[in-house]
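Colleague: Could you take a close look at one part of this model for me? I would like to hear about the salt bridges.

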Amino acid sequence: MQEFLKNFSLEGKVAWVTGASYGLGLAYAVAFAQSGAKVVFNDINRELVDKGLEEYRKFGIDAFGAVCDVTKEDQVKDFVAQVEKNVGTIDILVNNAGIIKRIPMIDMTVEQWNQVIDVDLTGPFICSKAVLPAMIKKGSGKIINACSMMSEFGRETVSAYAAAKGGLKMLTRNICSEYGQYNIQCNAIGPGYIATPQTAPLREKQPDGSMHPFDRFIRSKTPAQRWGKTEDLMGLAVFLASPASDFINGQVIYIDGGITAYIGQDPGNLDPSKMQDVD
Ligand code: NAP
Ligand code: GCO
């Protein structure tokens, strides 16, 4: 049994998780470290990087962190150079950094649209482009993209985000197509609705103390009738980063409590007294 489990080990690997000071990125990085990897991460400013380093120290993890905006190719190239000098060649990249703007399309400015596309789609392109040459030279590598329910479904007010996450699904398939021959696997994690700062506005209690309408809605679309926890995604992240998934390539694996398999029920049928809060 122990011999087989070595397939899930990340011992000796260097794992880069973008935007990993908190949220899902932090969870992925902690899981990687606890599976044997050396973790490196970036975030958008020094305050967030320091916050992240403190969080990793709480887990006993000696992470490498630096400021890097994933939309700026010069910053990304510099970050990768720093990592290669101070830590080692990057074996695993998780394109986790992301933003969302919930604005009706006709009210969204082109600048707002571009901001979302730049972080959520161009950022993964820039970061993947920065690590692929060394992965090709090494003869192995793992790239994991942060897709979404919005890689498959539309929803009011998230046009830029859905376009980016749909595009990221196809970028995942294209990296697989171009670089699979070098033993590089590019897959994506497709989380459902997970309790993080990004989705906090969708769970806020109403002034009268009642559930946010979207909270009730998404529970009615989820067989598990709960939001996901960041811990729910750690196992899949390690699996996709490990040798155990070497023959999986170009796939988006949804980890959503059953949303993508379920037509949903009348939100009015839900019994709030039976609902599990994960915040
Ligand atoms: P989050 O809480 O908003 O964290 C995203 C992180 O990325 C933050 O630290 C953010 O910094 C950072 N970031 C933003 N722009 C950046 C840039 N240009 N360069 C570097 N870092 C940047 O998001 P999350 O909920 O953990 O989600 C992580 C990823 O999973 C995102 O790609 C998201 O779209 C995706 N996802 C989330 C869910 C969910 O339900 N939570 C579901 C499906 C997919 P700031 O604090 O400055 O913004
Ligand atoms: C939204 C949410 C979602 C989640 C996630 C779902 O406004 O609909 O923010 O987009 O972030 O992407 O998988």
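What follows is a walk through some of the pairs and where their partners sit.

Modeller: Happy to! Please keep in mind that this is a predicted model. The count comes to 14 salt bridges, and I will take you through several of them.

Let's begin with Glu 3 and Lys 6, which form a salt bridge whose closest N and O atoms are 3.3 Å apart. Glu 3 has a relative accessibility of 57% and counts as exposed, because the cut-off for that class is over 50%. Lys 6, at 55%, counts as exposed too.

Next come Asp 246 and Lys 142, whose side chains meet in a salt bridge at 2.7 Å, N to O. This pair links distant parts of the chain, with the two positions 104 residues apart: Asp 246 sits in the loop between α8 (234–241) and β7 (252–255), while Lys 142 belongs to strand β5 (residues 141–146). Lys 142 is buried, with 6% relative accessibility, whereas Asp 246 is partly exposed at 35%.

Lys 169 and Glu 152 also meet through their side chains, in a salt bridge of 3.1 Å, N to O. Lys 169 lies in helix α6 (residues 159–179) and Glu 152 in the loop between β5 and α6, so the salt bridge ties together parts that are 17 residues apart in sequence. Here Lys 169 is buried, with a relative accessible area of 13%, and Glu 152 is partly exposed at 39%.

Finally, there is a network to look at: Asp 215, Arg 219 and Asp 277 are joined into one by salt bridges that share partners.

Terms used. Residues are numbered from 1 along each chain as its sequence is written. Chains are lettered from A and ligands numbered from 1 in the order in which they are written. This is a predicted model: local features need pLDDT of at least 70, side-chain atom pairs count only at pLDDT 80 or more; totals for chains, interfaces and linings use all residues. Side-chain values use heavy atoms; hydrogens and water are left out. A salt bridge is a side-chain nitrogen of Lys or Arg within 4 Å of a carboxyl oxygen of Asp or Glu. Buried means under 20% relative accessible area, exposed over 50%, partly exposed in between (1.4 Å probe, protein chains only). Helices (H or I, at least four residues) and strands (E, at least two) are DSSP runs, numbered from the N terminus.
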